[in-house]
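Welcome, and thanks for taking a look at this one with me. Below are some numbered points to read alongside the structure.

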Amino acid sequence: MTEVHPGKPAHPALRLAAEKRAADLQLRVADTMTAFAGSMNFVYLHAVVFAVWMLVFEKSPWPTLTLIVSLEAIFLSTFLMIGQNRQAAFQQAKADHDFIAQEQELHINTDLTRQIHELTLQIHAITVGASGGGSH
């Protein structure tokens, strides 16, 4: 889940992604389900439910449990893909932002280098002019 904590600096792409996800109910539900499915509570819950199901509700070969587990696997793989898509979109937004920032820095640094070069030439001209400009 993409979270931005108040007071902590956040990458602009992260902030934008968090705002987008917070504004969409479907994305919030997907985030909540993905967070739960990726937790140890999910594992513990399933271990208990499957054990009780196998021991109490069904006898071998557990056809209903097999169906339930297969359907759950389909949904869990979908949540995994949703998370991967979200991460890919965030990484792309971050890369785009970083590229623009780096290009701006390059232009600023190039301008500063040109200005320093121009000032160096002016200082050199003044220094050489003040010392007579000739060689001894």
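1. Let us begin with the aromatic rings. Counting rings whose centres lie within 6.5 Å, this predicted model has two aromatic pairs. One of them is formed by Phe-36 and Phe-42, whose ring centres are 5.5 Å apart. Their planes stand at 85 degrees, and because an angle over 60 degrees counts as edge-to-face, the pair is edge-to-face. The two partners can be told apart by their accessibility: Phe-42 is buried, with a relative accessible area of 13%, whereas Phe-36 is partly exposed at 39%.

2. The other pair to look at is Trp-53 with Phe-57, with 5.6 Å from centre to centre. Here the planes make an angle of 45 degrees and the arrangement is tilted. Both residues belong to helix α3 (residues 40–57), and because they are four residues apart there, about one helical turn separates them. Phe-57 is exposed, with 57% relative accessible area, while Trp-53 is partly exposed at 23%.

3. Now step back to the whole chain. How many helices and how many strands does the chain have? There are four helices and zero strands, and read from the N terminus the order of elements is α-α-α-α. Of the 136 residues in the chain, 12% are buried. If you take the contacts between residues at least 6 apart in sequence, 47% of them join residues at least 24 apart.

4. Next, please find helix α1 (residues 12–23) and helix α2 (residues 25–37). Two packed helices are described by the angle between their axes and the distance between the axes. For α1 and α2, the axes come within 5 Å and cross at roughly 100 degrees. Angles of 65 to 115 degrees count as roughly perpendicular, so that is how α1 and α2 lie to each other.

5. Which residues make the contact between these helices? From α1 come Lys-20, Arg-21, Ala-22 and Ala-23, and from α2 come Leu-25, Leu-27, Arg-28 and Asp-31. By character, the residues of this contact of α1 with α2 split into four nonpolar and four charged, with no polar ones.

6. Asp-31 also deserves a second look, as its side chain is joined to that of Arg-86 by a polar contact of 2.4 Å. Arg-86 sits in helix α4 (residues 63–130). Is Arg-86 buried or exposed? With a relative accessibility of 16%, Arg-86 counts as buried, because the limit for that class is under 20%.

7. My next stop is Glu-58, in the loop between α3 and α4. Glu-58 is buried, at 11% relative accessibility. Its side chain has a polar contact of 2.5 Å with the side chain of Trp-53, and a polar atom of that Glu-58 side chain lies 3.1 Å from the backbone nitrogen of Thr-64. Setting aside neighbours within four places in sequence, Glu-58 is in contact with Trp-53, Pro-63, Thr-64 and Leu-65.

8. That brings us back to Trp-53, which we met in its aromatic pair with Phe-57. Trp-53 has its place in helix α3. Which residues does Trp-53 touch, not counting those up to four places away in sequence? They are Glu-58, Thr-64, Leu-65 and Ile-68. As for Trp-53 and Thr-64, eleven residues separate them in sequence, and their C-alpha atoms are 9.6 Å apart in space.

9. To tie the threads together, two places are worth revisiting in the viewer. One is Asp-31, which takes part in the contact between α1 and α2 and has a side-chain polar contact with Arg-86. The other is Trp-53, which forms a tilted aromatic pair with Phe-57 and a side-chain polar contact with Glu-58.

How values were computed
Residues numbered from 1 in each chain as written. Predicted model: local features only at pLDDT ≥ 70, side-chain atom pairs only at ≥ 80, totals over all residues. Heavy atoms only, no water. Phe/Tyr/Trp six-rings, centres within 6.5 Å; stacked < 30°, edge-to-face > 60°. Buried < 20%, exposed > 50% of the residue type's maximum accessible area, 1.4 Å probe, protein only. Helix = DSSP H or I, 4+ residues; strand = E, 2+ residues; numbered from the N terminus. Axes fitted to C-alpha atoms, helices over the stretch in contact; angles between N-to-C directions. Parallel < 35°, antiparallel > 145°, perpendicular 65-115°, else oblique. Contact = heavy atoms within 4.5 Å. Nonpolar A, V, L, I, M, F, W, Y, C, P; charged D, E, K, R; others polar. Polar contact = N/O pair within 3.5 Å; in protein donor to acceptor, adjacent residues only side chain to side chain.
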